[in-house]
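Here are my comments on the structure you sent, set out as numbered points. They deal with local contacts, burial, charged groups and packing, and can be read alongside the coordinates.

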Amino acid sequence: TVSVVVLDAATGVIACGEVGGVVEEAGHFWQHDRLIIGLQPIGDTGVSATQNDLPANQILTGTDASGSGGNGRNDGHGHGTHVAGTIVASVGNGIGIAGLAPDALIIPVKVLSDSGSGSSVGVANGIRWAADHDADIISMSLGGGYSSTIAVQVAYAIANGVTAIAAAGNERSQGSPVSYPAALPGVVAVAATDSNNSYASFSNA
């Protein structure tokens, strides 16, 4: 199985899944064993373990690197829970959506406060924690300027066999500069798409 950590923020949007310039629809992913993923730490604003479209037994105990305290299983902002739902929302329950990887296990790594803000140290600590707790994939739906503190921990994670994924950013009107950490070496930058599988109007491309 594959372990995924999602470090997420209110600055990124995940659509069907565009990676490396290739747009993939949910149905395609499901043809490949429903994109079965093992441990998926979600770093962001946390993950609500009581959201009714998330399978509670698949939201494991994580950690809080935001300074708020706790184990990541709370989300006063909602964005981390939104990203978790994109990945693991229950299938066939008549509620909400169906996740791209509904068999995944989520480990919430809270790196941002309930206001959606945080620090480079908090994000870096979350990355390091995930890498040291057997994550295979770290997904970071967050972005900003370059941080050497974050860059060191991303490099550490990659060196330890972790696949690092991050939001390309939402600055299309500013010329689509790829945000960090998505712009770091070895990180897969992910853009958002619309219902026509075109780049979303706000998304960096």
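1. Please keep in mind throughout that this is a predicted model. I begin with glutamine 58, which sits in the loop that connects β4 (39-44) with β5 (63-64). Although it belongs to a loop, glutamine 58 counts as buried, because its relative accessibility is 14% and the cut-off for burial is under 20%. Beyond its neighbours within four places in sequence, glutamine 58 has contacts with Val88 and with the run Pro102, Asp103, Ala104, Leu105 and Ile106.

2. Val88 brings us to helix α2, which spans residues 79-88. This helix is largely enclosed by the rest of the structure, because 9 of its 10 residues are buried. Among these buried residues of α2 are His79, Thr81, Val83, Ile87 and Val88, together with the glycines Gly80 and Gly85.

3. Which loop holds aspartate 75, and what does its side chain meet there? Aspartate 75 lies in the loop between β5 and α2, and its side chain makes a polar contact of 2.7 Å with the side chain of threonine 81, a residue that is itself buried in α2. A polar atom of the same aspartate 75 side chain also lies 2.8 Å from the backbone nitrogen of glycine 78.

4. The charge of aspartate 75 deserves a separate remark, since this residue is buried and yet has no salt bridge. The nearest side chain of opposite charge belongs to lysine 110, at 4.9 Å, and the cut-off used for a salt bridge is within 4 Å. With residues up to four places away in sequence left out, aspartate 75 touches Thr45, Gly46, Val47, Ser48, Gly80 and Thr81, and also both Lys110 and Asp114.

5. Lysine 110 does form a salt bridge, but with aspartate 114, where the N to O distance is 2.8 Å. How do the two partners compare in accessibility, buried or exposed? Lysine 110 counts as buried because its relative accessibility is 0%, whereas aspartate 114, at 39%, counts as partly exposed.

6. The structure holds 2 salt bridges, and another pairing to inspect is that of arginine 128 with aspartate 132, whose closest N and O atoms are 3.1 Å apart. Here arginine 128 is partly exposed, with a relative accessible area of 33%, and aspartate 132 is likewise partly exposed, at 41% relative accessibility.

7. Strand β6 covers residues 105-110, and 5 of its 6 residues are buried, so that the strand is described as mostly covered. β6 runs parallel to β5, to which it is joined by 2 bridges, and one residue pair to look at is threonine 63 with its bridge partner in β6, valine 109.

8. Finally, on nonpolar packing, the largest core has 23 residues, and those with the most contacts inside it are Val111, Ile127, Ile138, Met140 and Val154. Two or more residues of this core are given by each of α3 (120-131), β7 (137-141), α4 (148-159) and β8 (163-167), with α3 supplying the largest share, 5 residues. Another core, of 11 residues, lies apart from it and includes Leu54, Val83, Ala104 and Ile106. Two members of this other core, Ala104 and Ile106, are also among the residues in contact with glutamine 58, the loop residue with which these comments began.

How values were computed. Residues numbered from 1 in each chain as written. Predicted model: local features only at pLDDT ≥ 70, side-chain atom pairs only at ≥ 80, totals over all residues. Heavy atoms only, no water. Helix = DSSP H or I, 4+ residues; strand = E, 2+ residues; numbered from the N terminus. Buried < 20%, exposed > 50% of the residue type's maximum accessible area, 1.4 Å probe, protein only. Contact = heavy atoms within 4.5 Å. Lys, Arg positive; Asp, Glu negative; His and termini not counted. Polar contact = N/O pair within 3.5 Å; in protein donor to acceptor, adjacent residues only side chain to side chain. Core = buried A, V, L, I, M, F, W, Y, C linked by side-chain atoms within 4.5 Å. Pairing = 2+ DSSP bridges.
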